[in-house]
Amino acid sequence: WRGHHVMGRYRTEVGSQYQDPAGIYLSEARKERKAIWRTKDKADPVSRPVAGGTDSDASVWRVVESSTFPPDTDAFCRELFHGLPAGGRLLLNGLTREQREVVHRVSHHLGLTKTSRADPSGAPGARQMCVERPEASSSIPASTADLPQRGTTAPPSVDIFSTPIQKQSRWRRRCPLEQHNVVQADVAPTPPSDVPITQAHCAEVQQGDAVVCEELEAQVKQTWALLGRVCIIWLRDDMRLQDNRALLHAASSDYVAAVPVYIDDTCDRNPCPLRGAATSFKHESLQAFSRSLAGVNSRLVVRKGDAVRQLLSLVQEFETCEVVFNRRCEPWSRKRDDEVAHALKGAGVSVRTFLANVLYEPWELCPIERWQVWRARVRAEEAKARGLDVEASAMSGVPKQLEHISGFGSYRFFHHALEDAGDPEKPVEAVRHLPPCPDVKSARLDDLGYGATAGRGFTTARRQCAKESPSSGDWAANIKRWWVAGESVALERLETFLGSVLAPGDFEGRKRLVASSRNTSELSPYIRFGELSVRTVYWAARRRRETTGQKLFQDAKQSVHPRTGQRIDQSKGRANATFLRRFVWRDLSYWFLHEFPTLPTTSMRPHYEKQVWTGTPTQLQLWKSGKTGYPVVDAAMRQLWAVGWMPNYMRHVVAQFLIEYLDVSWKEGLAWFDWTLVDADVAINSLMWQNGGHSGPDQWEFVLHPVNAAKTCDPSGAYVRQWIPELRGLPLEFIHRPWDAPLAYPRRVLLDLDAARREHARRVIDVRRQNPEIVARSGHEWLSLPNRKGLLAKVVTRHEFRAETEDFIFFQGPQRQDRPRAGTQKEAMLDAARSLDATGPGL
């Protein structure tokens with residue numbers, strides 16, 4: 001975009017530096033990076049990387065200097081590029097503007113990918129380009145009509161981004177999903193051919209574990225064959241009667257019997273399996289759902305073992321049956337679903353699957369392709385409004401399918417992708433009656449071990465139970481008192497939240513940040529274990545828009561859309577917007593886990609895997625036990641240990657204290673939250689901790705101070721007094737600074753918070769300086785997207801890191817009543833940071 005005018009609305013998307021708070025630092029940071037490049041070039045001019053490349057890739061590059069180009073550049077480039085093998089790369093140095101135009105034209109005609117950057121050792125205006133012949137190509141859709149429609153999904157056995165697609169017109173290539181057969185969402189997908197389950201597996205199950213003698217088993221099969229078909233409902237995290245599509249299918253079809261079965265799958269490949277506090281809630285949830293099934297003429301069958309073997313064992317007890325289940329979104333769970341479906345189909349059993357507990361399933365979203373369509377449409381509209389040629393809006397010289405994705409991972413990026421995806425599906429009716437459940441073998445819920453909570457807490461080996469007798473105590477006693485599991489309780493809590501918190505506007509305003517007021521929904525455990533459908537909650541909040549009494553929107557005036565000129569009623573469009581954004585963030589978390597399966601264990605920005613963390617095990621233990629000496633941090637961690645939950649704002653406070661001040665890796669915080677949260681969700685926890693640890697797609701633009709944040713989330717000190725009994729007698733002026741009072745309270749783990757934060761920032765900046773190829777001109781960082789060769793994303797980077805300075809560009813100071821609200825840009829960003837409207841799916 002250099003040298004061209006950035007048009008209207010799109011200027012805010014690509015970024016503008018004239019109001020950039022980090023802009024005053026960027027020139028100096030660029031000079032330092034160029035100096036580093038020159039030093040590297042002198043040492044090894046051939047192996048220098050280009051945009052999107054790494055040092056490890058340098059060995060496969062063939063370097064061509066622009067000085068060797070003959071007068072007939074076009075013919076020379078065609079001959080040069082024709083000999084490039086699949087996966088081969090050419091590094092072209094010192095290209096002039098005319099040479100770059102030829103390289104762009106020829107490489108695009110031959111279907112090659114390319115990236116470019118300023119040549120650090122060349123003449124002014126010279127560029128450095130990398131041309132690559134990809135092993136497999138991909139394309140973007142010409143319009144949203146070419147994208148997969150709602151209710152469809154691609155066969156799981158096909159890698160839609162690695163299958164070669166026949167080259168078509170640049171602007172009218174079909175979405176990769178169109179190249180393959182699409183199956184209905186409610187029909188089991190075609191199983192992959194390489195699943196290691198064969199007919200021998202089925203035969204092994206048929207030969208073993210006979211429950212009754214052969215004669216009695218034959219009589220049972222003959223009886224059910226005369227009556228009709230039997231439906232087996234495989235339940236996982238869907239313990240509800242409302243909006244349960246698999247259960248409703250069994251209730252509304254012509255089945256003579258239905259078997260709701262829960263299986264503790266010992267072959268689950270989840271890297272963060274169910275454990276800790278979440279197992280206690282799961283045990284209570286299963287008990288409550290068992291009672292709910294009794295009310296609809298059924299019962300819950302419980303099994304433990306390999307899910308494939310257990311389902312095949314159930315199938316053998318009936319002559320004709322069908323297995324149904326609701327899908328799950330984690331990549332390992334989806335693969336497991338495919339394996340089970342393949343084994344059942346191999347045994348001649350019909351399988352049907354239904355929509356997962358999300359608004360949009362990750363594999364049908366295609367947000368990158370939708371975002372590219374949105375960007376092309378915006379550019380064309382603005383070019384037309386200015387009287388320019390539509391093609392003049394694409395001035396970067398890069399094919400549209402290879403232009404980088406700006407703002408990748410942010411809420412804005414995902415929101416634009418969903419603009420034309422349509423509304424999510426509405427919840428289906430509740431199950432009122434089920435066919436009777438046959439008398440099949442079932443284990444007891446206690447046999448699963450989820451309710452084994454004897455002892456005073458997790459053992460050093462992180463076992464669920466310390467193997468003491470129940471008289472030694474119950475570490476989950478407070479969890480069971482705080483949380484009452486069950487669908488009926490969840491629906492009652494939802495109605496209370498909608499009426500007493502959401503309708504008055506307490507969630508939209510700052511009241512939700514006050515930790516002692518319980519102005520958040522506290523619905524996350526119920527959604528996590530499927531006692532509430534996310535669609536039920538979402539549409540209930542959407543319906544309240546029309547009858548909202550929120551003062552924030554009662555006097556809102558109508559505005560005019562900047563492009564279409566249509567009048568917009570802001571009171572209806574913005575009501576409950578903050579709460580509804582939480583569900584978009586939740587779906588975004590699952591999409592990232594789908595795209596980056598190693599999200600729980602490996603940094604998305606791989607260069608941060610090399611970051612040095614100086615925090616000690618002693619500091620980590622003090623943080624876990626709530627003895628850091630900072631009351632608001634200690635109160636939140638003690639609440640987490642006691643009841644397995646804390647408000648969303650407090651999660652940000654304790655996470656940033658661990659990372660920004662104690663300099664402890666985000667992986668340690670993720671592991672502890674996974675053990676102690678009753679609503680532990682691997683997708684949400686992984687994305688939020690990676691963002692907080694700077695390695696995720698959206699580095700948080702704020703750092704919460706443990707004292708100044710306390711004056712926002714606990715202005716009266718009630719929250720600290722509730723969870724730290726030894727501070728109940730302190731007056732308000734000392735409640736968040738007990739070290740100023742004559743009181744025996746744990747000594748502060750850090751005395752100089754500002755120095756600790758600067759030391760942590762220095763280590764982050766060191767990582768960037770060691771990897772200058774990942775730093776864009778604006779200071780943001782590049783991320784190479786998996787399964788999309790040549791496509792880069794520009795990920796959001798904090799201002800201090802972009803400017804490579806240890807100064808606090810944004811600093812959370814104590815809130816003052818005497819200053820104008822958002823009087824300056826710095827104060828406006830501070831207020832936005834305090835509100836935390838769009839930083840995660842906190843419910």
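**Entry 1: Aspartate 306 and its partner**

I began with aspartate 306, which is buried in this predicted model, its relative accessible area being 13%. I noted that this value lies under the 20% that sets the limit for buried residues. I then looked up what aspartate 306 pairs with, and found a salt bridge to arginine 309 in which the closest N and O atoms are 3.7 Å apart. That separation is within the 4 Å that the criterion for a salt bridge allows. Arginine 309, for its part, counts as partly exposed, at 33% relative accessibility. I asked myself which residues are linked with these two in a network of salt bridges. The network consists of Asp265, Arg269, Asp306, Arg309, Arg336 and Glu339.

**Entry 2: Two further salt bridges**

I looked next at lysine 480, which forms a salt bridge with aspartate 474, and here the closest N and O atoms are 3.0 Å apart. Lysine 480 is partly exposed, with a relative accessible area of 30%, and aspartate 474 is also partly exposed, with a value of 32%.

I then turned to glutamate 759, whose salt bridge with arginine 763 has its closest N and O atoms 3.0 Å apart. Where do glutamate 759 and arginine 763 lie? Both belong to helix α29, which covers residues 753-770, and they are 4 residues apart, about one turn of the helix. I recorded glutamate 759 as partly exposed at 29% relative accessible area, and arginine 763 as partly exposed at 23%. For the structure as a whole, I wrote down a total of 41 salt bridges.

**Entry 3: The sheet around β16**

I moved on to strand β16, residues 792-795, and checked how its two faces are covered. Leu792 and Lys794 lie on one side and Ala793 and Val795 on the other, and all of them are buried. I kept in mind that in a regular strand the side chains alternate between the two faces of the sheet.

I then followed the partners of β16. Strand β12, residues 405-408, pairs with β16 in the parallel sense over 3 bridges. Within this pairing, isoleucine 405 has alanine 793 as its bridge partner, while phenylalanine 408 stands opposite valine 795. Strand β15, residues 781-784, pairs with β16 in the antiparallel sense over 4 bridges, and I found serine 784 standing opposite leucine 792.

In what order do the 3 strands of this open sheet run? The order is β12-β16-β15, and the pairing is mixed. Because β12 and β15 stand at the edges and each has a single partner strand, one side of each is left without a neighbour in the sheet. The twist, as I noted it, averages 40° from one strand to the next.

**Entry 4: The chain as a whole**

I closed by looking up the values for the complete chain, which holds 31 helices and 16 strands. Of its 843 residues, 56% count as buried, and aspartate 306, where I started, is buried as well. The chain exposes about 35,600 Å², of which carbon and sulfur atoms supply 50%. I also looked at contacts between residues at least 6 apart in sequence, and found that 78% of these join residues at least 24 apart.

Technical notes: Residues numbered from 1 in each chain as written. Predicted model: local features only at pLDDT ≥ 70, side-chain atom pairs only at ≥ 80, totals over all residues. Heavy atoms only, no water. Salt bridge = Lys/Arg side-chain N within 4 Å of Asp/Glu carboxyl O. Buried < 20%, exposed > 50% of the residue type's maximum accessible area, 1.4 Å probe, protein only. Contact = heavy atoms within 4.5 Å. Areas by Shrake-Rupley, 256 points an atom, 1.4 Å probe, with all protein chains shown as cover. Pairing = 2+ DSSP bridges. Axes fitted to C-alpha atoms, helices over the stretch in contact; angles between N-to-C directions.
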